[in-house]
Amino acid sequence: MRDRVISILEKLHEGTEIALPVYQMLSGLACEAENWTRAIALCEDGLGRYPSAHGLMNNLAWALAYQESPALEEALDHIQ
């Protein structure tokens, strides 16, 4: 079931009008999988479209703090 949900989210992400929950769920799943590069890219893209999305800011802060070379200052900038 999880793989099916991820597949659906990935297909939605390929569209031109991507809803905020798609970014939030995919970036959360990327964080859970410790795929920090993907999580950061999804969050940055999502925040470009939805600049006040607190869930994306949180996921971005988490990914920045836990990536191989942590960017703690930048991570703290995203925490509200």
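These legends walk you through several close-up views of the structure shown above, which is a predicted model.

**View 1. Two cysteines, Cys-31 and Cys-43, that do not form a disulfide.**
Let's begin with a little background: a disulfide is a covalent bond that joins the sulfur atoms of two cysteines. How far is the sulfur of Cys-31 from the closest cysteine sulfur? The distance is 5.9 Å, and that closest sulfur sits in Cys-43. Seen from the other side, the closest cysteine sulfur to Cys-43 is the one in Cys-31. A disulfide needs its two sulfur atoms within 2.5 Å, so 5.9 Å is too far for a bond. The count of disulfides is therefore zero. Are these two cysteines buried or exposed? Cys-31 is buried, at 8% relative accessibility, and Cys-43 is buried too, with a relative accessible area of 0%.

**View 2. An aromatic pair made by Tyr-23 and Tyr-50.**
To describe a pair of aromatic rings, we give the distance between the centres and the angle between the planes. The structure holds three aromatic pairs. One of them joins Tyr-23 and Tyr-50 in an edge-to-face arrangement, with the centres 6.3 Å apart and 65° between the planes. Where along the chain do Tyr-23 and Tyr-50 sit? Tyr-23 belongs to helix α2 (residues 20–32), while Tyr-50 lies in the loop between α3 (36–49) and α4 (54–66). With 27 residues separating them, this pair links distant parts of the chain. Their surroundings can be compared as well: Tyr-23 is buried at 0% relative accessibility, whereas Tyr-50 is partly exposed at 28%.

**View 3. A cluster of rings around Trp-36, Trp-62 and Tyr-66.**
Which residues do ring pairs link into a cluster? Look for Trp-36, Trp-62 and Tyr-66 here.

**View 4. Ser-27 and its contacts.**
Now turn to Ser-27, found in helix α2. This serine is buried, with 0% relative accessible area. What does the side chain of Ser-27 have for polar company? A polar atom of this side chain lies 2.8 Å from the backbone oxygen of Tyr-23, the tyrosine you met in the edge-to-face pair. The side chain of Ser-27 also makes a polar contact of 2.8 Å with the side chain of Asn-59. Leaving aside neighbours within four places in sequence, Ser-27 is in contact with Ala-39, Leu-42, Cys-43, Leu-56 and Asn-59. Cys-43 in that list is a familiar face, being the buried cysteine whose sulfur is too far from that of Cys-31 for a bond.

Key. Residues numbered from 1 in each chain as written. Predicted model: local features only at pLDDT ≥ 70, side-chain atom pairs only at ≥ 80, totals over all residues. Heavy atoms only, no water. Buried < 20%, exposed > 50% of the residue type's maximum accessible area, 1.4 Å probe, protein only. Phe/Tyr/Trp six-rings, centres within 6.5 Å; stacked < 30°, edge-to-face > 60°. Helix = DSSP H or I, 4+ residues; strand = E, 2+ residues; numbered from the N terminus. Polar contact = N/O pair within 3.5 Å; in protein donor to acceptor, adjacent residues only side chain to side chain. Contact = heavy atoms within 4.5 Å.
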